[in-house]
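Reader: I am new to this structure. Please pick one loop position, look at it closely, and then lead me inward from there.

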Amino acid sequence: MPEHHTPLIATIAVGLMLAFIFGLAAHRLRFSPLVGYLVAGIAIGPFTPGFIADQELANELAEIGVILLMFAVGLHFSLKDLMSVRAIAVPGAIAGIATATLLGTALAWSFGWPPGARLVFGLALSVASTVVLLRTLQERRLMETDRGHIAVGWVIVEDLAMVLALVLLPAIGPTIAAGTSLSPWQFGALVALTLAKVSAFVAIMLLAGRRVIPWVMHYAAHTGSRELFRLAVYAVALGVAFGAAQLFGVSFALGAFFAGMVMGESKLSQRATEEALPLRDAFAVLFFVSVGMLFDPHVLLRAPWAVLATLGIIVIGKPLVAMAIVRAFGHPMGTALTISASLAQIGEFSFILVGLGVTMGLLPPEGRDLVLAAAILSILLNPFLIAALERGRVRLLPRTILPSARKAPEPQRAEPEPASPPPAPASEPPAVTTLEGHEVVVGYGRVGSILGAGLAAAGHPFLVFEETDERMQAARGMGAEVVVGNAADPEVLAAANLAAARRLFVTIPDAFEAGQVIQQARALNPGLEILARAHSEEAVAHLTGLGATLAVMGEREIAHRMLEAALAEAPALSPAPEPAPPAAA
Ligand code: AMP
């Protein structure tokens, strides 16, 4: 009976288990959990003793992670967003690819490799991993910012370029190896055919998909079955990605992105996102495990300098070019730093390219080992790089209006990042407020904005923590000091001078993060009044346990308000008197 030969289950089970254990350990050591996932991959890879997972299967599982990630990104991305970053993403990505390819080619030339090997090696160093980039943006919550949009647009252009490269390589590879060259006509025809197929796919998605997909989603939603709705989400995401790859030669990632973008136009996209998230996260973990499996530590001993030089191109050469381009387009230094740092890594495309190169006899196996080692090191280094840069970006925006009774909000600025003064350099610690006896509001969404309006009306000085550019502007308009960043991060929270504060409102919906904020705040100021938002009895217990003075459960207040309206006499059922909060994104 074959019942004990279950490589797929073994790969998923052992992969997730070890990823969890090492991820937890990494977290405790204050590393990104991603480091733990890679280590888990190395542990179940063929170069370390013990259980060896199936690499082919791991790669396919990783591909599902790529599909779901790109699908989720597409859900939040409109065609308008894509068009608005086109001007910088297209030239940026092309120049970035060209430079890194040239640098890589030069390095391969110094190794004495033939032209075909140089080209494959150079190309492999030129494209960033979509998964690593998206995860970074999500972890740092940059997805909804200008920087995030530019980075996503950039990676989509890179993705397109790689589709071309993967089609062209098998065609031109043999002729390069044979020392002859493809006629320009043949080359042009091949490029044209590939682009035509991609365009056909995009056209079909925008014309037919745009009608069919929302219709399917509404139909599924109206069945009233959650299971069927969920199924519809996965069927569309995976189905479109698979179809795009099979029929049009488009990458899974691009196919999934368009499926998401088209579905994102439907009113149900919020629900679709929620359904896609859990599976996406699990498979994204498997992506890193599968990458770790490729790592052969011996190459570090065999060719340390070559690995270092390759790594240098990825983490220094390419980012510098990206930074120069973003700056040249007039974006602030902070934006340039984030984008270039998030691109300072390579991943899945490089693995596919070097695999192809070796199979075709273009690239010596040593080239593949170098690229793999440098890729994994670049992915390992990436969270540290980003954290170092983002730390420098935490900044305090000064109060713009003195709090007074219901002043009209300041007109919003289109560019959320003031061009001057420039953001603090990466080494400088974030500014700390000079306020004392102030109130601090964490989160400026539906809850925080009503609090902010009330505090401003009462003339209380207050400071707001917010992550999205739009809501941050709203808080500034109310006269608040604003700290940009995740309040659960101790370095960010420090900017609030909580030791001297009077009251803290924790209005964010995530009980885990809220707990982290409360725990730190309580340690900084034992006498602080802490009011927190909760959505369940467990959350109330959790938050008060960590030191909240009062945790208000939203659902209970909703019920009370409904009852109040229902039991009161006639005119009670009129619209609520509160000022309208900013529309939820
Ligand atoms: P709402 O659920 O509408 O009250 O919105 C919550 C707000 O809190 C959103 O504007 C989020 O951007 C913001 N937010 C959520 N988590 C954090 C956090 N950890 N630090 C700062 N702001 C946050």
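Author: N497 sits in the loop between α19 (490-493) and β5 (503-506). Here helices (H or I, at least four residues) and strands (E, at least two) are DSSP runs, numbered from the N terminus. N497 is not a glycine, yet its phi is positive, at about 50 degrees.

The model is predicted, so local features need pLDDT of at least 70 and side-chain atom pairs 80 or more, while totals for chains, interfaces and linings use all residues. Residues are numbered from 1 along each chain as its sequence is written, and side-chain values use heavy atoms, without hydrogens or water.

Now go inward. The largest nonpolar core has 121 residues. Such a core is a set of buried Ala, Val, Leu, Ile, Met, Phe, Trp, Tyr and Cys residues joined through side-chain atoms within 4.5 Å. Buried means under 20% relative accessible area, exposed over 50%, partly exposed in between (1.4 Å probe, protein chains only). F71, F121, V152, W154, M217, F257 and F288 have the most contacts inside this core. Helix α7 (residues 146-177) gives the most to it, with 11 residues. Another core, of 31 residues, lies apart from it. A487, L493, L504 and I530 are among its members.

Take F71. Beyond its neighbours within four places in sequence, F71 is in contact (heavy atoms within 4.5 Å) with V233, A237, A256, F257, A259, G260, M263 and A276. Among these partners, A256 and F257 are buried residues of α10. So are A259, G260 and M263.

Helix α10 covers residues 252-263. Of its 12 residues, 11 are buried, so the rest of the structure largely encloses it. L254, F258 and M261 are among the buried ones. Its length fits too. The expected span is 1.5 Å times one less than the number of residues. For α10 that should be 16 Å, and the end C-alpha atoms are 16 Å apart, which agrees.

Next comes helix α11 (residues 269-293), which holds R271. R271 is partly exposed, because its relative accessibility is 34%. Leaving aside neighbours within four places in sequence, R271 is in contact with A221 and F229. R230 is 41 residues away along the chain, but the C-alpha atoms of R271 and R230 are separated by 9.0 Å.

One helix pair to finish. In α13 (residues 304-328), P319, A322, M323, V326 and R327 do the meeting. Their partners in α14 (residues 333-342) are M333, T335, A336, L337, I339 and S340.
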